[in-house]
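Q: Please take a close look at the unusual backbone geometry in this model, and say where it occurs and what surrounds it.

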Amino acid sequence: MYSVVILAGGTGSRMHREVPKQFLALAGKPMILHTLERLERIDRVGEVIVACHSQYKDLLKMHIAAYMLKKPYTIVDGGETRQQSAWFGVQAAKYEDVIIHEAARPFVTTGEFQALMDCEADSATYGLDIPFTVSVQKDGMIGGILERDSLVNIQLPQKFKRTPLLAAYDQAAKDGLIFTEDTSLLYHYTNAPIRVLPGTPNNIKVTDSVDLIAGEAIYREYIVGRD
Amino acid sequence: MRTCIITGAGSGIGRAAAIAVAEAGEFEYLALIGRSMDKLEETKSRMQTVSRVELFAYDLGDLEGIPALVERIYGETGQIDCLLNIAGYTDPQPLLTTTLESMRLTYETNVFAPFMLIRECTKYMRLNQDGAKILNVASTAGITPRPGWLSYASSKAAVVSMSQTLAEELAEYGIRVYCISPGRCATALRRKLAPNEDQSKIMQPEDVGRIICQLVSRSEHCLDGQNIVVRKKL
């Protein structure tokens with residue numbers, strides 16, 4: 001069985017909204033519900049842990065009740081950083097197999113969760129080829145060239161073993177290091193093999209207001225049409 | 001047990017649809033809802049089916065009781081596969097004699113009760129592996145101006161809008177939402193709207209009932225999410 005940690009600790013500051021983006025309506029329902037409803041249909045999901053700012057816990061509980069979600073839910077405080085939120089969530093997990101996803105990626109499919117669970121590797125992430133050029137910038141000038149073929153655009157969800165991941169969080173806290181996502185953290189401290197599964201361009205992270213507009217089209221064409 | 005709930009089953013289009021759906025045999029359990037048990041019994045007596053047919057004498061104006069009604073049906077069958085919102089009410093009046101009470105009664109039956117039924121049924125339909133269907137009966141009165149029928153026409157416009165909105169909102173659950181807008185049809189409701197009309201020359205409830213039956217059959221999967229006008233041309 002898996003513990004699934006959902007990162008929903010944002011406060012909406014980047015999108016300049018009164019409520020965090022994970023609670024904004026997307027295709028008629030709060031963004032976070034898209035993921036939670038899909039998790040509901042996966043038998044191997046033993047529990048769901050949501051890392052959420054304390055101000056929005058009651059709102060989240062209300063949605064969980066209204067959508068009649070039956071999985072065991074634990075709502076933990078979001079941290080000051082994304083890494084801290086993930087740490088709090090993984091700490092609360094009761095299973096050794098843990099999946100981390102973020103509420104701002106509402107177009108993940110049940111199939112992607114299933115494929116992640118089916119993957120034989122202990123640690124795995126979704127990743128997408130980079131179709132554009134990425135260069136190093138230094139003082140407003142091109143400072144180096146990166147080989148596009150060796151790069152990957154990391155996407156969530158990701159899966160890990162809980163014990164080594166917690167150790168990595170611990171060590172990062174002691175070292176004062178902050179990583180933008182958890183495969184980087186685990187790789188930095190353990191060099192553990194982390195499988196990259198092919199992601200999809202539809203699994204966008206809703207970051208700006210324009211993503212909500214694009215998201216409506218992705219939902220209609222990709223999720224309703226194929227999920 | 002594949003289950004279909006039909007409102008307004010005691011007369012008119014509701015009765016005709018219930019009989020057609022029963023004969024088609026796609027559902028093992030039919031829940032017929034209507035205000036009069038006598039009329040529901042009459043509908044049942046005209047059915048030729050091996051399906052289980054249960055009658056629920058219920059006034060849909062009692063909105064608060066709808067969740068318990070749906071829960072009771074679900075408790076008996078373990079699944080809900082189809083909901084036909086057919087019950088209708090009309091009290092045709094020009095604007096200046098339309099009372100708030102008349103408006104309220106019309107919207108209770110034509111809009112609020114379907115809304116409550118859809119919401120409650122969706123809670124269970126979402127759990128189905130092979131989806132579900134909802135069909136709402138609107139009216140051509142909801143898509144063209146009808147002076148003197150303000151409450152009825154506007155309530156049916158709401159049904160069209162509600163259907164189209166929910167067709168998209170519920171698509172991810174595999175729930176298809178259909179909306180039909182019958183034109184002139186020989187029913188008691190139509191008699192209130194057009195008292196002097198020769199009903200032998202207009203569309204009959206059985207015509208509409210057959211179309212409803214076709215739409216909710218398992219083989220139909222193209223016509224949801226749009227307002228389907230059902231009108232006899234000759």
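A: The model is predicted, and its backbone is best read against a general background: most residues other than glycine have a negative phi, and most peptide bonds are trans.

A cis peptide bond links Leu156(A) to Pro157(A), with omega at about 15°. Pro157(A) is part of strand β10 of chain A, which covers residues 153-161.

Two residues that are not glycine take a positive phi, and each can be placed in a loop of chain A. For Met68(A), phi is near 50°, and the residue belongs to the loop that runs between α2 (57-66) and β5 (73-77) of chain A. Met68(A) has 12 C-beta neighbours inside 10 Å and therefore counts as exposed, since the exposed class takes in residues with 12 or fewer such neighbours.

Asn191(A), which is likewise not a glycine, has a positive phi of about 55°. Asn191(A) is found in the loop between α6 (182-190) and β11 (195-198) of chain A. Because there are 8 other C-beta atoms within 10 Å of Asn191(A), this residue is exposed.

To complete the setting, chain A also has a partner in the model: 5 residues of chain A are in contact with 4 residues of chain B. On the side of chain B that touches chain A, the residues comprise 3 charged and 1 nonpolar, with no polar ones.

Notes:
Residues are numbered from 1 along each chain as its sequence is written. Chains are lettered from A and ligands numbered from 1 in the order in which they are written. This is a predicted model: local features need pLDDT of at least 70, side-chain atom pairs count only at pLDDT 80 or more; totals for chains, interfaces and linings use all residues. Two residues are in contact if their C-beta atoms, placed from the backbone, lie within 7 Å. Ala, Val, Leu, Ile, Met, Phe, Trp, Tyr, Cys and Pro count as nonpolar, Asp, Glu, Lys and Arg as charged, and the others, Gly among them, as polar. Helices (H or I, at least four residues) and strands (E, at least two) are DSSP runs, numbered from the N terminus. A residue is buried if 20 or more other C-beta atoms lie within 10 Å of its own, exposed if 12 or fewer, and partly exposed in between; C-beta atoms are placed from the backbone.
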